[in-house]
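I opened my notebook beside the model today and kept the entries short. Here is what I looked up, in the order I went.

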Amino acid sequence: MADFTRNIAVAQIDSVLGEIEPNLNKIRHFTQLAASLGAEIVVFPECCTTCYFVGDRLRTLAEAPDAATATALADIARKSRVHLAVGMFTTQAGAVCNSQLLLSPGGKLASVISPKPLITVMRLLKSWATPPASRPIASMRAARKRRSWV
């Protein structure tokens, strides 16, 4: 049987609101650190290249999945020789999307996951905004049943 064990690092960073370059520097730093500790895959949070609350700047900060920010992320993945998953706002077919870019250790854009345009995501978030005591996010019973998926 093949060995499917992988070393995965999950990086939770404090992104600088609306500033791509400082956030790329943080992604670069933590990717290199994770790689030096043996990580093969490094995962960053959604919207980590700009933060969430960029207001009127959203359309100017969102980029095509093959534009400058994605190119810089590909370079980080290539130089660190890791798979990289990074969340950022992208523009696709005229819509701004909350996307996850997946990059290979060779610096190639492997995939762009954009489940819904941002406006749809924001509407869903508003509809789900209820106090935690009144509506649990997930039951432990459901989580235990899914444990075999991991």
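Which hand does the crossing of α1 and α3 have? I looked, and the crossing of these two helices is right-handed.

**Entry: the helix pair**

I kept in mind that this is a predicted model. I began with helix α1, residues 20-36, and helix α3, residues 68-80. I noted an angle of about 20° between them as they pack, and their axes lie 10 Å apart. Angles under 35 degrees count as roughly parallel, and α1 and α3 are therefore roughly parallel to each other.

Next I listed who meets whom. From α1 I wrote down I20, L24, I27, R28, T31, Q32 and A35. Across from them, α3 brings T69, A72, L73, I76 and S80 to the contact. I sorted the residues of this contact by type and got seven nonpolar, four polar and one charged.

**Entry: the sheet**

I moved on to the strands. Five of them make an open sheet, and I read the order as β1-β2-β3-β4-β5, with mixed pairing. The edges belong to β1 (8-10) and β5 (109-113); each has a single partner strand, so one side of each has no neighbour in the sheet. I also noted the twist: neighbouring strands are turned by 30° against each other on average, with direction ignored.

**Entry: β3, β4 and β5**

I then followed β4 through its pairings. Strand β3 (residues 83-92) and strand β4 (residues 95-103) run antiparallel and share nine bridges. To fix the register I picked M88, and I found S99 in β4 as its bridge partner.

β4 is also antiparallel to β5, and I noted four bridges between these two strands. Here I took L101 as my marker, and it stands opposite V112 in β5. β4 and β5 form a hairpin, with five residues between the strands. In that turn I noticed G107, which has a positive phi of about 85°.

**Entry: how far to trust it**

Last, I checked the confidence. Mean pLDDT for the protein is 80, and 75% of the residues reach 70 or more. Where did I have to be careful? Over residues 124-150 pLDDT stays under 50, and the model has three contacts there beyond four places in sequence. Where pLDDT is low, the predicted coordinates should not be read in detail. I left residues 124-150, with their pLDDT under 50, out of my closer reading.

Methods. Residues numbered from 1 in each chain as written. Predicted model: local features only at pLDDT ≥ 70, side-chain atom pairs only at ≥ 80, totals over all residues. Heavy atoms only, no water. Axes fitted to C-alpha atoms, helices over the stretch in contact; angles between N-to-C directions. Parallel < 35°, antiparallel > 145°, perpendicular 65-115°, else oblique. Left-handed = near helix turned anticlockwise from the far one by under 90°. Contact = heavy atoms within 4.5 Å. Nonpolar A, V, L, I, M, F, W, Y, C, P; charged D, E, K, R; others polar. Pairing = 2+ DSSP bridges. pLDDT = per-residue confidence, 0-100.
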